[in-house]
Amino acid sequence: MSKVAVMGYGTIGSGVVEVLASNSGVIAERTGEAVEIKYVLDLRDFPGSPVENLLIKDYKKIVDDPEIEIVVETMGGVNPAYMFVKECLENGKSVCTSNKELVASHGAELIAIAKDKNVNFLFEASVGGGIPIIRPINQSLTAEVIEEITGILNGTTNFILTKMRDAGADFEDVLKEAQELGYAERNPEADVEGYDACRKIAILTSLAYGKQVDYNDIYTEGITKITAADFKYAKKMNSTIKLVGRSKMEDGKVSAMVSPVLVKQGHPLYTVDDVFNGIFVKGNMLGDSMFYGKGAGKLPTASAVVADVIEAARNKGSNIKVLWDSEKLALQDYKDVKNKFFVRVKETPSIVDEVNANFGQIVPLDIGIEGECAFLTDSITEREFESKIANVPELITRIRVM
Ligand code: HSE
């Protein structure tokens, strides 16, 4: 019998309890023993809930109980989760978490403590919710040099962008609808400004290259400036607009960025719509692969956490190797990364000449919007783009092309 403690009885924590109860038969079979929850840590009371009699308020009870070998952390946020998780690991307990802030900030350190204590720190649910992506990178694609990871990693923004495209609506209107439907938080900043996707691509990039990627080093742009007009242009180009977290290795240098991009019809990420996530991984031997599914939500995310619990129970007394060193990975300056850009500028009598003088002979894209000129650039660095566009009056917007 594996005795488990769950820290945090919110959406994901209660999902973990539900998955363990609903699938107890197959979970016991696959683990080789029953998995039972002994404690649920939460400051709130949940009278009438299935965990009413398991609730505790002091995390020390978990840390000090030798019967608890596996701890689930579903509290979210860095503090106090970091202190609780660290103490659990230091006391010889494996920890399974869905907490991307914690993993992105302290992943390398917690992995090192787990190794030292011969236990496991597992975090499948921290990226892509229920989609298997951490274990594939850590255990299945180990023969590959990963050349690119491009992910639609945030369900909220993907829902908003899909609605904007389908309804021809503007960002603010769709955000309001998403909030009413419960798909977006009342304070949507972490999602719409790309911070959530940034932490997730930082985790994937750290794992792919075995060193700590500081998410503060990743240039991040959200979707708040995307408009219905941008989608009209995208349609004209047989493309759509997606918020992606992207890391690439070229000539031995790793770059990472979060931004909206134009994705052409035919690319595997083009059809990833609504709240779904998709993660495109390119290996030097495998070529392209794609991981798709529910990247958020109670039961899909809880399922990934419980899969980690099973993995931890199967590996009692041994540490699963995770290559993620605390040495910092120096990312390439994003200004040196090349992209094609879709550009909209205000129209003036000499606009085409000015654009041509700076970007070469462009082909204007016309969808009948008065007073502006739109075009695509060649593949140029961000630095080159900035210096060229500075010579052209009044930029309306620019979106990178994938
Ligand atoms: N806010 C996140 C999303 C939840 O929308 O994808 C899952 O991390």
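**The ligand, its pocket and two cavities**

In this predicted model, an N or O atom in the side chain of Lys-100 is 2.8 Å from an oxygen atom of the ligand. Two further side chains make polar contacts of this kind. Thr-156 has a polar side-chain atom 2.6 Å from an oxygen atom of the ligand. With Asp-191 the partner is a nitrogen atom of the ligand, which lies 2.9 Å from a polar atom of the side chain. On its own the ligand has 260 Å² of accessible area, and the protein covers 78% of it.

Lys-100, Thr-156 and Asp-191 belong to a shell around the ligand that also includes Asn-154, Gly-155, Asp-196, Lys-200, Gly-295 and Ala-296. Sorted by class, this shell holds 4 charged residues, 4 polar residues and 1 nonpolar residue. Where does the ligand sit? It occupies the largest pocket. The elements that give two or more residues to the shell around the ligand are H7 and H10. Helix H7 spans residues 155-167 and helix H10 spans residues 195-209.

The largest pocket itself has a volume of about 1,100 Å³. Its lining is made up of 43 residues, and those closest to the centre of the pocket are Ile-12, Lys-100, Glu-185, Asp-196 and Ala-296. Of these, Lys-100, Asp-196 and Ala-296 are also found around the ligand.

Which helices each supply at least two residues of the lining of the largest pocket? They are H1 (11-22), H5 (100-116), H7 (155-167), H9 (189-192), H10 (195-209) and H12 (298-314). The largest share, 4 residues, comes from H10. By class, the lining of the largest pocket has 20 polar, 12 nonpolar and 11 charged residues.

Apart from the pocket, there are enclosed spaces to consider. How many cavities of 30 Å³ or more are there? The count comes to 2. The largest cavity has a volume of about 110 Å³, and the second largest holds about 30 Å³ of space.

The lining of the largest cavity includes Phe-121, Leu-122, Phe-123 and Glu-124, along with Ile-134, Arg-135, Asn-138 and Gln-139. Asp-308, Glu-311, Ile-320 and Val-322 also line the largest cavity. Strand S6 (121-122), helix H6 (134-140) and helix H12 each provide at least two of the lining residues, and H6 gives the most, with 4 residues. Helix H12 also supplies at least two residues of the lining of the largest pocket. The classes in the lining of the largest cavity are 6 nonpolar, 4 charged and 2 polar residues.

Around the second largest cavity are Ile-111, Ala-114, Asn-120, Phe-121, Leu-122, Asn-319, Ile-320 and Val-322. Among them, Phe-121, Leu-122, Ile-320 and Val-322 also line the largest cavity. Helix H5 and strand S6 each supply at least two residues of the lining of the second largest cavity. This lining has 6 nonpolar and 2 polar residues, and no charged residues.

Two points of backbone geometry remain. Most residues other than glycine have a negative phi, and most peptide bonds are trans. The peptide bond from Asn-79 to Pro-80, however, is cis, with omega near 5°. Pro-80 lies in the loop between strand S4 (68-73) and helix H4 (81-90).

At Asn-118, a residue other than glycine, phi has a positive value, near 60°. Asn-118 is placed in the loop between H5 and S6. The two elements on either side of this loop, H5 and S6, each supply at least two residues of the lining of the second largest cavity.

Methods. Residues are numbered from 1 along each chain as its sequence is written. This is a predicted model: local features need pLDDT of at least 70, side-chain atom pairs count only at pLDDT 80 or more; totals for chains, interfaces and linings use all residues. Side-chain values use heavy atoms; hydrogens and water are left out. On a 1 Å grid over the protein atoms alone, a cavity is a set of points where a 1.4 Å probe fits but cannot get out, and a pocket is an open set with protein on both sides within 12 Å along at least five of seven lines; lining residues have an atom within 4 Å of a point. Grid points are joined across faces, edges and corners, and a volume is the space filled by probe spheres set on the points. Ala, Val, Leu, Ile, Met, Phe, Trp, Tyr, Cys and Pro count as nonpolar, Asp, Glu, Lys and Arg as charged, and the others, Gly among them, as polar. A residue is near a molecule or strand if one of its heavy atoms lies within 4 Å of it. A polar contact is a pair of N or O atoms within 3.5 Å; within protein, one must be able to donate a hydrogen and the other to accept it, and residues adjacent in sequence count only if both atoms are side-chain atoms. Accessible areas come from the Shrake-Rupley method with a 1.4 Å probe; for residues, only the protein chains shown count as cover. A molecule sits in a cavity or pocket if more than half of its atoms lie within 2 Å of its grid points.
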